[in-house]
Every structure is written in C-alpha cells, then in structure tokens.
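This report looks at how some helices pack, at two pockets, and at a few places in the backbone. Please keep the sequence and the model in view while reading.

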Amino acid sequence: MELLTVLEALCSSVGAGGQAQAADTAAVFLKETCTQVGRDALGSVTGFRHCGKKNAPLILLEAHIDEIGFVVTGIDEQGFVRVAKCGGADQRVLSAAEVIVWGDKPYPGLFCSTPPHLSDADSRRKTPEPDALGIDVGMDSEEARRHISEGDVVTFSPNFQRMDKKRVCSKSLDDRAGVASVLYCLDRLKGKELSYDLAVVFAVQEELGCRGSAAAAYAAAPTGAIAVDVSFAWTPDADRRHCGLLDGGPMIGRAPGLSARLSDKLIELCREADLPYQTEVMGGDTGTDADNIASSRGGVPTALLSIPLRYMHTPVEVASLEDIENTGRLMAEMIEKEGFQR
C-alpha cells in the first residue's frame, strides 16, 4: 500500500453533512483487505476480516470518514451564499477561504473577507461567525437561487500537498489520517494468520456529535476496540502541556472511559517494537468516537490512538506521514501479538 497515494485520494474526496464521496473512496480501499464491505443505515463504511477460528474475539478498528463543512441557509440580495456550520470549523481562518458549494453541480466560491454588516474597523477587531460571512460564487442573486438551494452542502476545496518528505497539508486530515492508518494496519496484516476476527468502521457524523460510531459499534458488538482520531500538535501559539508533537508518534489516550489495560499494552508494544509514542491525558470524555464505542451495549474495552495534527478544523491541516504509518504499525502489533487478551 502506498500511504501517500491513499491519503491523497481520501483527503481529495468530500464527505461533509451526509455526502458519500469520501465513504465511497474508503470503501474501495477497504475491499482490498476485508470482505462484506458495505454501508449501514447512517452511511458508515463497514467491513470484516474473519480469521476462521471458532468463537474468535471480534476486534473493532474505527476512524471517522466525515469532515467539517457548512450548510446553505439562504442567498442574500447581492448573491452572497449564507451558511451555518456543519461541524466545528475554525472561524478564524474562514475569510477568503476557498470552498465548493454543492448545488445542482459543484460551484467554486470563497468566503468574503469582510462581513457586509461590519465596518472595516470592526472586522479587524472581531472574528466573524460563518453566518456573518457571505460566500461569493460569482453570481447575482437570481442566478444563484436557480442553482443553489437551502440545505446544500459546502466544503473546503481539495488542496492536498506534500510539504516535505514526511509531512502533508490538506483539508480533512481530520480524520482521513485515521482512516489511512487503519488501512495501513490492514495492509500489514494481509496474509497473516490471526487469532481475532476484525470489524472495521469508517464512521459518519463524528463532527455532528459522534453519531455514526454509536450505531456501528452497537451493530458490530465487538469484544474490544481501537478508535483512531487526531489531536492537537504543538504550534508556537499553543500550550505545550496540552499538545503532542509532529513526528512524535501516536498519542495513546488516557481517560476514565478508556481501558487502562489496553493503553498499558499499547505502550508496552511501542517499547518492544521501538515505535515512538506520546500519551494524551483527558480528565473526562475524550470528545471522540471512542466514548460511544466504549459505552456501546454492555460496554466495550476501548483504546484511543490520536495522530498529532496542526491547525485542526481548518483547510490547511498538517500531519506527519510517519505518525500515520506508526499508528497503523502499532495497531497491527496489537492484533498480531494478541494484545486484547486478558
């Protein structure tokens, strides 16, 4: 598997607010290592790999496939498209951001740099909400209303680029980086005899409240799980105590709702395999799909691996290919060495 090629294909697909393109892309890659690849009622991608052993434990590997975006709420008299958030976009970087409005066909657009109802002085002092920023699609109001409707989805324009030998920049690395790491794990396990059955879920609607993972985990009924997401990587304006480092390896989660036993095992395997790792401590919920997976049915021992990410929820997220690869390697080690066993 060529990790960079897979990651670019995933990030260049769109998948906000119910869009299926990114899920379609992920499903194609998943068919290379899993059977029974399909969609559940909410649209999450699901697949299975059976080890052939009777009563084998079922281990769930999960990452979310959706991305942040916007939804059209109307078109004003000047032809600017008005939107609301569909997920938690970082509003500080929206001015002049390039987007695609998915009307009766895709229309390129960009967020206005100055909210129409604020003076220049006010706009410099304030960070406007998305609904205060119109999207310019180059049309007057009459034409825009013929082609774009309330409820249409808006996404950041695809912009994947390699920054150097080991770092990439793109929209939707949250959480296509996690999806790519799961695919990389499965590729490493290809042809190997395992003691576990594997269920794979690329969940929808994580950015809207972790909905897809709840339904998919309930349906799969796993005996153990690893959820993969992203977390904050340090930048000069951030608090180092609450951030990981790019190229520092996967961030192994510690939280009341996560399995301490599985977290300990992941750390042990990193040390044995000489894999870099970091820890991330959370005092309550993790804010990821791991929370819903852990509380599914009668409870599922769940671990969380987070890939360090700069500029989260912006169109210019930055991640390390080494971190993505090492996250996949760690999951493969956990499965090969039966790390879920008590």
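What volume does the second largest pocket have? In this predicted model, the second largest pocket has a volume of about 220 Å³.

## The two pockets

The second largest pocket is lined by 17 residues, and those that lie nearest its centre are Val230, Thr286, Gly287, Thr288 and Met312. Two elements, β13 (224-232) and β16 (302-309), give two or more residues each to this lining, and β13 contributes the largest share, 4 residues. Sorted by class, the lining of the second largest pocket holds 5 nonpolar, 7 polar and 5 charged residues.

The largest pocket encloses about 330 Å³ of space. It is lined by 16 residues, of which Asp90, Arg92, Thr235, Tyr311 and Met312 are the closest to its centre. The lining of the largest pocket divides into 9 nonpolar, 3 polar and 4 charged residues. Met312 is thus named among the residues closest to the centre of the largest pocket and also among those nearest the centre of the second largest pocket.

## Helix α1 against α5 and α9

Two packed helices are described by the angle between their axes and the distance between the axes. For helix α1 (residues 3-12) and helix α5 (residues 173-189), the axes come within 9 Å and cross at roughly 140 degrees, and the two helices are therefore oblique to each other. The crossing in which α1 passes α5 is right-handed. On the α1 side the contact is made by Leu3, Val6, Leu7, Leu10 and Cys11, and on the α5 side by Leu173, Arg176, Ala177, Val179, Ala180 and Leu183. By class, this contact of α1 with α5 has 10 nonpolar residues, no polar ones and 1 charged residue.

Helix α1 also meets helix α9 (residues 321-336), where the axes come within 11 Å and cross at roughly 100 degrees, which makes α1 roughly perpendicular to α9. Here Leu3, Leu4 and Leu7 of α1 are in contact with the α9 set of Leu321, Ile324 and Glu325. The contact of α1 with α9 comprises 5 nonpolar residues, no polar ones and 1 charged residue. Leu3 and Leu7 take part in the contact of α1 with α9 as well as in the contact with α5.

## Helix α5 against α9

The axes of α5 and α9 come within 8 Å and cross at roughly 45 degrees, so that α5 is oblique to α9, and this crossing is right-handed. From α5 the contact draws on Ala177, Ala180, Ser181, Val182, Tyr184, Cys185, Arg188 and Leu189, while α9 supplies Ile324, Glu325, Thr327, Gly328, Arg329, Met331, Ala332, Ile335 and Glu336. Divided by class, the contact of α5 with α9 has 10 nonpolar, 3 polar and 4 charged residues.

Some residues recur between these contacts: Ala177 and Ala180 of α5 are named in the contact with α1 and again in the contact with α9, and Ile324 and Glu325 of α9 are named in the contact with α1 and again in the contact with α5.

## Backbone details

Which peptide bond is cis? The bond from Asp174 to Asp175 is cis, with omega near 10 degrees, and Asp175 is found in helix α5.

Gln205, although it is not a glycine, has a positive phi of about 60 degrees, and this residue is placed in the loop between β12 (197-203) and α6 (211-220). Asp247, another residue other than glycine, has a positive phi near 70 degrees and lies in the loop between β13 and β14 (251-254).

Technical notes
Residues numbered from 1 in each chain as written. Predicted model: local features only at pLDDT ≥ 70, side-chain atom pairs only at ≥ 80, totals over all residues. Heavy atoms only, no water. Axes fitted to C-alpha atoms, helices over the stretch in contact; angles between N-to-C directions. Parallel < 35°, antiparallel > 145°, perpendicular 65-115°, else oblique. Contact = heavy atoms within 4.5 Å. Nonpolar A, V, L, I, M, F, W, Y, C, P; charged D, E, K, R; others polar. 1 Å grid on protein atoms, 1.4 Å probe; cavity = no way out; pocket = protein on both sides within 12 Å on 5 of 7 lines; lining within 4 Å. Points joined across faces, edges and corners; volume = space filled by probe spheres on them. Left-handed = near helix turned anticlockwise from the far one by under 90°.
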